[in-house]
Amino acid sequence: MRTILFILIAFLALTTVFASLMMMSVPDGSLLSLSTDMLKSSVFRDFVLPGLLLLIFVGSINLAALFYTITNHRLKYNLSIAGGTMIILWVLIQYTIIHQ
């Protein structure tokens, strides 16, 4: 169980961090094949702030969950659930903002 949890959290944490860094480094989204046209109905003009928010709210929690899983901390499951909840909320908010 711990190995599966480690693999899932590691994948989520690393892909979140890399995606957010790519969003912030190339704000027009071209590095991820994204278009700023999808942001027209939102308050964002480019992908810098969404990338930063992704890093803060999803990446940091999942990185902490990954660290807690590696160190076998007693709160590893709680933080893993929080990380999973944050990615679900991220996707729901993203869908709502983009598809208005």
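This is a short tour of a predicted model, going from the whole chain to single residues.

**Stop 1: the whole chain**

Start with a cartoon view of everything. You should see 3 helices and 0 strands, arranged along the sequence as α-α-α. The C-alpha trace spans about 45 × 25 × 20 Å along its principal axes. If you colour by accessibility, buried residues make up 26% of the 100 residues in the chain. For a contact map, take the contacts with a separation of 6 or more: 58% of them join residues 24 or more positions apart.

**Stop 2: helix α2**

Now select residues 48-70, which form helix α2. This helix has 23 residues, and the distance from its first C-alpha to its last is 31 Å, close to the 33 Å expected at 1.5 Å a residue. Where along α2 should you look for a kink? Centre the view on Gly59, where the kink is about 35°.

Next, show the buried residues of α2 as sticks: Pro50, Gly51, Leu54, Val58, Gly59, Asn62, Ala65, Leu66 and Thr69. Gly59 is thus both the centre of the kink and one of the buried residues. To see what covers this set, add 2-25 and 76-98; the cover includes these two helices, α1 and α3.

Before you move on, click on Ile70, which is also in α2. Leaving out residues up to four places away in sequence, Ile70 touches Arg2 and Phe6. Try a distance label from Ile70 to Thr3 as well: their C-alpha atoms are separated by 9.6 Å, although the two residues are 67 residues apart along the chain. Following α2 you will find Asn72, which has a positive phi, near 55°.

**Stop 3: helix α3**

Select α3, residues 76-98. From first C-alpha to last, its 23 residues reach 33 Å, close to the 33 Å expected at 1.5 Å a residue. Its buried residues are Lys76, Ser80 and Gly83, and they pack against α1 and α2.

Zoom in on Ser80, a residue of α3. Is Ser80 buried or exposed? Its relative accessibility is 13%, so Ser80 counts as buried, the cut-off being under 20%. Apart from neighbours within four places in sequence, Ser80 is in contact with Leu5, Ile9, Ala65 and Thr69. Ala65 and Thr69 may look familiar, as they are among the buried residues of α2.

**Stop 4: the largest pocket**

Rolling a probe the size of a water molecule over the atoms shows where empty space is left. Switch on a surface and look for the largest pocket, which holds about 540 Å³ of space. Of the 25 residues lining this pocket, select the closest to its centre: Met23, Pro50, Leu54, Trp90 and Gln94. The elements giving two or more residues to the lining are α1, α2 and α3. Which element gives the most to the lining? That is α3, with 8 residues. Pro50 and Leu54 are worth a second look, since both appear among the buried residues of α2.

**Stop 5: a charged pair**

Side chains of opposite charge can pair when their charged atoms come close. How many salt bridges does a search of the whole structure find? The search finds 1. Select Lys40 and Asp37 to display this pair, whose closest N and O atoms are 3.6 Å apart. Lys40 counts as exposed, at 65% relative accessibility, while Asp37 is partly exposed, with a relative accessible area of 47%.

Conventions:
Residues numbered from 1 in each chain as written. Predicted model: local features only at pLDDT ≥ 70, side-chain atom pairs only at ≥ 80, totals over all residues. Heavy atoms only, no water. Helix = DSSP H or I, 4+ residues; strand = E, 2+ residues; numbered from the N terminus. Expected span 1.5 Å × (residues − 1). Bend = angle between axes of the 7 residues up to and from the residue. Buried < 20%, exposed > 50% of the residue type's maximum accessible area, 1.4 Å probe, protein only. Contact = heavy atoms within 4.5 Å. Salt bridge = Lys/Arg side-chain N within 4 Å of Asp/Glu carboxyl O. 1 Å grid on protein atoms, 1.4 Å probe; cavity = no way out; pocket = protein on both sides within 12 Å on 5 of 7 lines; lining within 4 Å. Points joined across faces, edges and corners; volume = space filled by probe spheres on them.
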